[in-house]
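Grab a coffee and work through these short exercises with the model open beside you. Try each task before reading its solution.

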Amino acid sequence: MKTINFNSIINLNDIERLAESVLPQYAYEYYFGGANDEITLRENKQAFQQIRIAPRVMVDVSELDTSTTIFDHTIPAPILFAPTAFHGLATPKAEAATANAASISKTIMILSTLSNTRMEEVANQTDTPLWFQLYVYKDRELTRELIKRAEKSGFSALCITVDAPLLGSRERDVHNNFTLPENLSLPNIIAYPGEHLSKENSGSALTTYFSTLLDQSLNWKDIEWVRSITNLPLILKGIQHPLDAEIAVKNGIDAIVVSNHGGRQLDTVPGTITLLPKISEIVNNQIPIFLDGGVRRGTDIIKALAYGAKAVLIGRPILWGLTLAGAEGASKVFSILKDELSLAMALTGTKSITKITPDIIWKG
Ligand SMILES: Cc1cc2nc3c(=O)[nH]c(=O)nc-3n(C[C@H](O)[C@H](O)[C@H](O)COP(=O)(O)O)c2cc1C
């Protein structure tokens, strides 16, 4: 690992640029890339940049509180680690390093089904809450076993990803014939620990992995099945349509994540922040809404919260932080965003998270 001068890092753009300079190209492109023309990938960020803030002044902001409470856990800022696959491409300790970073940051980490570290080992690395991101496999016994192991190792919620019956066409990975290097495996999936991903292949090995092993028939009845075998809170990740948000609420889902998988699934869907107002309206505070996709600044977080999100999830920047300096790098990403959020709150006249309302959005 290259020695990084942390003083030269001011924002998440700096971290991304440095990470790009040290990662092998195929790994950088796997992390960075989006589907097809990457229109949604870009729009996730641009949509935040186009929103303008309407600050209030003459508010006593001498005491600022960025903390929030999610499912009974108080965390220092409404910033969670999104589930992302293959942290072993970024750092030798893989998801064990990420879990360490979550401990340092005292926030919630969502562990991907496709981690390079066993969920039990990840659970041993952290004293902060962990949620398990679940992909539903055609093999229901395997899926059931993942849920039971997550329960047993102390994960406190299941985050079921519902936007990936098949993998989006990530053309960078197709060009690179993306596979996992031989030293990395998928130890959560005992029946298929990785041979499906590390073979010689043409195109992205992940595409075949998804079409072969994951369940394309996934529908609301399957969520009832998951509900019938676990008492963990169920969070659905990948909701974009207000009607799906409405069904989720009706079906007793505990929370949703408005997400387009970081622009990696269906290209040309809008940036997630564009979707949030309508979804917040229909959900009407009945369950928490989380949002991810393109969150890179404290002002992005304040905008998401103003539009009704309870918290945001951060995907790629955590991977850049891990690449540069393992747990220290990933926790640096958290602290930069928290500090930026705190400053944005001071300058908008919102001294605590609950004071962030739609009034701080400029409506022209
Ligand atoms: C490299 C990478 C791997 C990902 N792997 C998963 C995954 O295994 N499961 C999942 O639900 N989402 C996965 N995602 C999507 C993220 O959870 C999240 O929705 C997205 O990264 C948020 O956008 P951002 O990267 O712009 O912050 C992945 C995203 C990236 C960039």
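**Exercise 1.** Which backbone oxygen lies 3.0 Å from a polar atom of the side chain of Thr-143?

*Solution.* Keep in mind as you go that this is a predicted model.
- Step 1: Find Thr-143 in helix α6, which covers residues 140–152.
- Step 2: Check its cover. Thr-143 has a relative accessible area of 0%, and because buried means under 20%, Thr-143 counts as buried.
- Step 3: Look for a partner of the side chain. The backbone oxygen of Asp-139 lies 3.0 Å from a polar atom of the Thr-143 side chain.

**Exercise 2.** Work out where Thr-230 sits and what its side chain contacts.

*Solution.*
- Step 1: Thr-230 belongs to the loop between α10 (220–229) and β7 (234–239).
- Step 2: With a relative accessible area of 2%, Thr-230 is buried.
- Step 3: Follow the side chain to Glu-151, where a polar contact of 2.5 Å joins the two side chains.
- Step 4: Now turn to the backbone. The nitrogen of Leu-232 lies 3.0 Å from a polar atom of the Thr-230 side chain.

**Exercise 3.** Is Ala-344 buried or exposed, and how many residues separate Ala-344 from Gln-46 in sequence?

*Solution.*
- Step 1: Place Ala-344 in helix α14.
- Step 2: Its relative accessibility is 10%, so Ala-344 counts as buried.
- Step 3: Count along the chain: Ala-344 and Gln-46 are 298 residues apart in sequence.
- Step 4: In space, their C-alpha atoms are 18 Å apart.

**Exercise 4.** Describe the surroundings of the ligand, from the shell inwards to individual atoms.

*Solution.*
- Step 1: Start with the space. The ligand takes up the largest cavity.
- Step 2: Sort the shell. Its residues comprise eight nonpolar, 10 polar and five charged ones.
- Step 3: Pick out the nearest. Of the 23 residues around the ligand, these are Pro-83, Ser-112, Thr-161, Asp-292 and Arg-296.
- Step 4: Add the helices. At least two residues of the shell come from each of α2 (25–32) and α14 (316–348).
- Step 5: Look at the ligand's nitrogen atoms. A backbone N or O atom of Ala-85 lies 3.1 Å from a nitrogen atom of the ligand, and a polar side-chain atom of Tyr-135 lies 3.0 Å from a nitrogen atom of the ligand.
- Step 6: On the oxygen side, an N or O atom in the side chain of Arg-316 is 2.9 Å from an oxygen atom of the ligand.
- Step 7: Finish with the cover. Taken alone, the ligand exposes 600 Å², and the protein buries 99% of that.

Notes. Residues numbered from 1 in each chain as written. Predicted model: local features only at pLDDT ≥ 70, side-chain atom pairs only at ≥ 80, totals over all residues. Heavy atoms only, no water. Near = heavy atom within 4 Å. Polar contact = N/O pair within 3.5 Å; in protein donor to acceptor, adjacent residues only side chain to side chain. Areas by Shrake-Rupley, 256 points an atom, 1.4 Å probe, with all protein chains shown as cover. 1 Å grid on protein atoms, 1.4 Å probe; cavity = no way out; pocket = protein on both sides within 12 Å on 5 of 7 lines; lining within 4 Å. Sits in = over half its atoms within 2 Å of the grid points. Helix = DSSP H or I, 4+ residues; strand = E, 2+ residues; numbered from the N terminus. Nonpolar A, V, L, I, M, F, W, Y, C, P; charged D, E, K, R; others polar. Buried < 20%, exposed > 50% of the residue type's maximum accessible area, 1.4 Å probe, protein only.
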